[in-house]
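Colleague: I am new to this structure. Please take a close look at one part of the surface, and then lead me on from there.

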Amino acid sequence: MIQKISPNTGRAALRALFKEKSPLGPLKVMARQVGRFFQIPLPMFKPYVVFGPQAVRQVLVTERDKVLWRNTDPVTDLLGRGVLVVDGDEHDKYRALMEPPLHPSSLPAYTQMMISQTDRVSTQWHDGETADMLVESRKIALLIIMQTLFSKDVWDDLPRIWKPILKAIEFISPGAWIIWRNMPRPGFRKPLKELDDYLFEIIDNRRRTMDHGQDLLQHLIDAGLTDKIIRDQMLTMMIAGHDTSTALLAWTFALLGQHADIHRRVVDEVNSADKSPLLDQVIKESLRLYPPIHIGNRLVAEEMQFTEGKVPSGERMFYSIYLTHRDPEIWENAENFCPERFAHGRKTPPMSYVPFGGGPRACIGAAFGQAEARIVMARLLKTHTFEFTNHPIHAHMGATLEPRPGVRMKVERRQVDRYTGTHVNR
Ligand code: HEM
């Protein structure tokens with residue numbers, strides 16, 4: 001049985017859309033009023049939404065062979081044969097090639113580089129200026145991902161690639177083109193071509209020099225892939241590997257800004273100890289409340305039976321990470337920021353906390369992304385003070401879930417103790 005959306009629910013959903021300035025509002029209303037299985041009644045586009053541990057397990061693990069990854073949407077148009085959007089053996093081949101540089105055992109080698117890239121960005125700030133941590137986080141995440149995967153220092157190229165990257169992200173963000181698949185979308189051809197030119201230049205240079213050790217690009221080249229397929233993997237990793245980290249860092253700043261007490265405790269912790277358990281909990285809780293990838297998008301290839309109803313083959317289906325992470329049947333005070341919930345180990349059922357998806361196609365950069373967030377946050381909180389300017393923030397559903405209109409914080413460098421070399425509070 002399809003759970004029908006009643007006119008009352010429809011009206012409540014519309015009100016939530018205006019109030020929260022995001023489709024997350026209506027999704028929450030439908031989840032609350034209809035349950036863990038519903039169909040969104042848009043004209044010409046009626047995707048099913050499922051959430052909760054049981055449905056998530058079906059989609060990601062036990063019945064994953066019944067679904068296909070995106071196949072005809074702007075994400076596929078942009079990423080071509082990228083590992084994120086292909087299925088079967090082709091997917092497995094690319095994934096195996098790209099796993100080694102992201103394996104947890106490879107991560108310690110990146111720590112120092114992550115710190116230096118963070119410092120490069122933060123040393124540009126002037127004391128007392130207001131920085132938008134959404135923008136600053138993107139710079140840091142881009143420098144880190146390009147250096148890690150392609151041994152490419154993009155510092156001097158940031159002005160060249162910034163706009164093309166933002167346009168690529170806008171291209172794959174939800175919009176009217178989801179409903180009207182062939183609607184004209186002017187303004188993208190030139191920046192997307194500029195981004196391609198940039199990536200092809202990197203590939204070309206590498207083919208000529210071949211002296212960068214075993215980074216991800218080298219694995220792809222050594223496997224004998226064509227430039228076009230390498231470009232697809234590079235663009236996939238570049239977008240998936242920095243837009244998510246950008247959102248995670250920015251939301252973590254937003255949450256610290258909104259919770260002064262926890263902010264103070266985390267700052268004390270990173271300034272006084274090598275380990276930072278509270279910072280880890282804050283990052284986990286940030287991923288719970290604002291999972292950068294808030295839904296998984298699938299095409300149902302073979303009918304799927306969920307507890308509450310069926311999804312016929314040929315239909316579009318989303319598994320909602322966001323709704324799973326805020327399900328009041330699973331989480332106590334689900335809407336509240338409460339990092340301590342992760343202090344004593346999770347007592348939630350498996351598949352109820354899935355910021356990186358799960359099963360064989362779980363995020364390839366999960367360990368990397370978490371290590372990066374810990375290192376960058378700890379470094380910034382050590383070297384600078386951040387004072388939130390207390391402006392309203394809403395969750396924008398772009399390619400990732402982003403804090404909009406940004407996270408504006410007054411930044412100031414901490415003084416360094418002349419004798420111990422450590423950063424001190426002002
Ligand atoms: C905080 C950071 C990150 C978050 C929250 C995140 C989240 C996710 C999620 C939820 C999925 C599964 C989507 C689905 O089931 O449809 C995924 C897949 C993926 N992620 Fe991440 N990600 C992060 C960082 C990264 C990084 C750093 C990289 C690359 C270096 C990366 C590359 C990928 C790729 C290639 C896939 C597709 C894997 C496959 O289909 O085999 N992600 N990510």
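**From the surface inwards**

Modeller: Start with L14, L17 and F18, which make a nonpolar surface patch of about 320 Å². L14 belongs to helix 1, which covers residues 7–20. One caution before we go on: this is a predicted model.

Stay with the surface a little longer, and turn to charge. Side chains of opposite charge can pair when their charged atoms come close. The count here comes to 31 salt bridges. One of them joins E335 and R326, with N and O 2.6 Å apart. How exposed are these two partners? E335 is partly exposed, because its relative accessibility is 41%. R326 counts as buried, because its value is 8% and the cut-off for buried is under 20%. The pair is not on its own. E20 and K28 are linked with R326 and E335 in a network of salt bridges.

Helix 9 gives two more pairs. This helix runs over residues 189–209. In one pair, the side chains of E194 and K190 meet, with 3.3 Å from N to O. These two are four residues apart in helix 9, about one turn of the helix. K190 is exposed, since its relative accessible area is 57% and exposed means over 50%. E194 has a relative accessible area of 33%, so E194 is partly exposed.

In the other pair, K193 bridges to D197, and the closest N and O atoms are 3.0 Å apart. Here too the partners both lie in helix 9, four residues apart, about one turn of the helix. K193 is partly exposed at 46% relative accessibility. D197 is partly exposed as well, at 31%.

Now go inside. Which residues of helix 5 are buried? In this helix (residues 88–98) they are H91, Y94, R95, L97 and M98. Why do they sit on the same side of helix 5? They do so because they cover an arc of only 160° around the axis. What do these buried residues pack against? Their partners are helix 10 (216–222) and helix 11 (227–258).

Helix 11 also holds A240. A240 is partly exposed, given a relative accessible area of 34%. A240 and L289 are 49 residues apart in sequence, and their C-alpha atoms are 19 Å apart in space.

Next come some charged residues that are buried. R138 is in helix 7, residues 133–150. R138 counts as buried because its relative accessibility is 5%. What does R138 touch, not counting residues up to four places away in sequence? The list is W162, L166, I169, H242, D243, T246 and E402.

K167 sits in helix 8, which spans residues 158–172. At 17% relative accessibility, under the 20% cut-off, K167 counts as buried. Its contacts, again not counting residues up to four places away in sequence, are G187, F188, P191 and L192.

E63 lies outside the helices, in the loop between helix 3 (53–62) and strand 3 (67–69). Is E63 buried or exposed? E63 is buried, because its relative accessible area is 16% and buried means under 20%. Neighbours within four places in sequence aside, E63 is in contact with Q58, M304 and Q305. Look at Q305 in that list. E63 and Q305 are 242 residues apart in sequence, while their C-alpha atoms are 9.8 Å apart in space.

Last, find the iron atom of the ligand. Which residue is its only protein donor? The donor is C363, through its SG atom, at 2.3 Å. C363 is placed in a loop, between helix 14 (321–325) and helix 15 (366–383).

To retrace the route: begin at the patch of L14, L17 and F18. Pass the salt-bridge network of E20, K28, R326 and E335. Follow helix 5 to where its buried residues pack against helix 10 and helix 11. Finish at C363 and the iron atom.

Terms used
Residues numbered from 1 in each chain as written. Predicted model: local features only at pLDDT ≥ 70, side-chain atom pairs only at ≥ 80, totals over all residues. Heavy atoms only, no water. Patch = residues over 30% accessible without salt bridge, like charges linked within 9 Å, V, L, I, M, F, W, Y side chains within 5 Å. Areas by Shrake-Rupley, 256 points an atom, 1.4 Å probe, with all protein chains shown as cover. Salt bridge = Lys/Arg side-chain N within 4 Å of Asp/Glu carboxyl O. Buried < 20%, exposed > 50% of the residue type's maximum accessible area, 1.4 Å probe, protein only. Arc of directions from axis to C-beta. Contact = heavy atoms within 4.5 Å. Donors = N, O, S within 2.8 Å, 3.2 Å for Na, K, Ca; no water.
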